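Biologist: I've got the sequence and the fold up on my screen. Can you walk me through a few side chains?

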Amino acid sequence: GVWKPGGLKYPEEFKKKTSDFIIRRERAEVFPELPEITRDYRYHDLSSDEMKAYSLGVKKLKDFIESSSNKKSFEFASQLQGHIMILRHITGLAKVIPIVEFVDEFIEQQLESGNENWKLPIFHHHIDVGTILAEHLSKREQIKLARIVAADDASTRYSKLAKLRSGEVNILLFPSLAAAEGFDLDFCETGVLLEREWNPAN
């Protein structure tokens, strides 16, 4: 079959089985004027130092699995998740520079096309990934940066979003857990997921 990133694996079957109690309308039915979503996946090799850290993390994960006697326990599951999170953290940090390079390329394309009112939301998961990214982006003259953090109350978060909408800022960093819901970004043509949220519960 065709690989589908996220969402329902068999949408037509789901729609058929839930048709008597769920009303579901697709974009093409409701608002055909809207352009289709385009996903652009970019792949980058880890540096030698990043690869060393990642390989060490993989070794620790394998050693943990092989040495665990009760693989059905809650303790095993929680520690396993911790090992996987370390690997995810390493790859998140490794994506910062490629994202900065993408932003430079994006800005250049927007300015060349005459669009001076561009806006770009960027989602990250780890706090330090967002901090390092913000440090790099804040050095760019064309960038007016804001960042939502977990400590922001609802009023502060929506104030920062309003600044992105108005153009007072043109890049807004979102933590994927603290700002995963309730934000209307229909005024943005492009968005970046530096780190995708992977926990099914979220």
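Modeller: Sure. One cut-off first: buried means under 20% relative accessible area, exposed means over 50%, and partly exposed is in between. Keep in mind that this is a predicted model.

Biologist: Is Glu105 buried, exposed or partly exposed?

Modeller: Glu105 sits in helix α5 (residues 96–112). Its relative accessibility is 33%. That value lies between the 20% and 50% limits, so Glu105 counts as partly exposed.

Biologist: Which side chain meets Glu105 in a salt bridge at 3.3 Å?

Modeller: Look at the loop between α2 (27–30) and α3 (48–67), where the partner lies. The pair ties together parts that are 63 residues apart in sequence. The partner is partly exposed, with a relative accessible area of 40%. Its name is Arg42.

Biologist: Which other residue is linked with Arg42 and Glu105 in a network of salt bridges?

Modeller: By the salt-bridge rule, the count comes to eight. The network here has Arg42, Glu105 and one more member, Asp40.

Biologist: Is Asp186 buried or exposed?

Modeller: Asp186 meets Arg165 in a salt bridge of 3.9 Å, N to O. This pair links helix α7 (residues 154–166) with the loop between β3 and β4. With 59% relative accessibility, Asp186 counts as exposed.

Biologist: And which side chain joins Ser176 in a polar contact of 3.4 Å?

Modeller: Ser176 is in the loop between β3 (171–175) and β4 (192–193), and at 7% relative accessibility it counts as buried. Beyond its neighbours within four places in sequence, Ser176 is in contact with His124, His125 and Glu197. The polar contact is with His125.

Notes
Residues numbered from 1 in each chain as written. Predicted model: local features only at pLDDT ≥ 70, side-chain atom pairs only at ≥ 80, totals over all residues. Heavy atoms only, no water. Helix = DSSP H or I, 4+ residues; strand = E, 2+ residues; numbered from the N terminus. Buried < 20%, exposed > 50% of the residue type's maximum accessible area, 1.4 Å probe, protein only. Polar contact = N/O pair within 3.5 Å; in protein donor to acceptor, adjacent residues only side chain to side chain. Contact = heavy atoms within 4.5 Å. Salt bridge = Lys/Arg side-chain N within 4 Å of Asp/Glu carboxyl O.
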